[in-house]
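Let's take a look inside a protein together. Have the sequence and the 3D view handy.

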Amino acid sequence: MRYFWHAMVGILTLALIIFVFFAFSLNSGHKISFTNNTLLTEPTVTVADPSIGDDAAAMTIVNFGDYQCEACATLDETLTSIAETFPGQIRLVWKDMPNSSLHAEATNAAVAARCAEKQDKFFEYHAYLFANQSSLGSDLYVALAEQLGLKASSFTRCVENADTLPLVERSYEEGVALQIAATPTVFLNGERYTGSLTESSLTSAIRAMLAEITAATK
């Protein structure tokens, strides 16, 4: 019996170590490593992804975007409006997909937004970046942080050291694994939507999906 309890303690200790390692990896944004050989059919959603709305919402919308993409700015406003149309039913998830070859500041802006996230101001900062899309640059990033009342020294250090770059890169790699060819690309409960993403077309698609979910639960 003594050996049995020793074995049980050993197993429980090992399980605890694995759990702590997993939790650390998840929170650092490195739960999954996407390589050139990885292909996905739908996105993952973890605590490393900025989100707004109830985690248990019936509809999860995952938005892959670029802060210098004009269509992405338009879609961001559209999704905010749609979320207000379906209160409590939608969770919005942001994924960074900067196209650095076309947009010189896309990655830097994404890094800055993730630095704002460290001070619980991601979506406020995110909205400011899109509202000032034509002026992206280091001066703007600091100015926006000041407008939001962020701790200047911590924010500046985070941006200058690119502390949040691994989070941006992980998100980008996931987009590559999903074979995303252009931004914006959104997934409604795992179903991909690209092209002309008007508010009316997305609202119709969401309304139909929510109706199916409601019917399935009756």
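Here come a few questions and answers about what is packed inside.

This is a predicted model, where local features need pLDDT of at least 70, side-chain atom pairs count only at pLDDT 80 or more, and totals for chains, interfaces and linings use all residues. Residues are numbered from 1 along each chain as its sequence is written, and side-chain values use heavy atoms, with hydrogens and water left out.

Q: Which helix gives the most residues to the largest nonpolar core?
A: A nonpolar core is a set of buried (under 20% relative accessible area, 1.4 Å probe, protein chains only) Ala, Val, Leu, Ile, Met, Phe, Trp, Tyr and Cys residues joined through side-chain atoms within 4.5 Å. The largest one here has 26 residues, and α2, α3, α4, α5 and α6 each give two or more. Helices are DSSP runs of H or I, at least four residues, numbered from the N terminus. With 7 residues, the top giver is α3.

Q: Which residues does L129 touch, leaving out those up to four places away in sequence?
A: L129 is among the residues with the most contacts inside the largest core. Contact means heavy atoms within 4.5 Å. Its partners are Y67, A109, A113, L136, Y141 and L144.

Q: How many residues does the second, separate core have?
A: This one includes V186, I206, M209 and L210. Its full count is 16 residues.

Technical notes: Buried means under 20% relative accessible area, exposed over 50%, partly exposed in between (1.4 Å probe, protein chains only).
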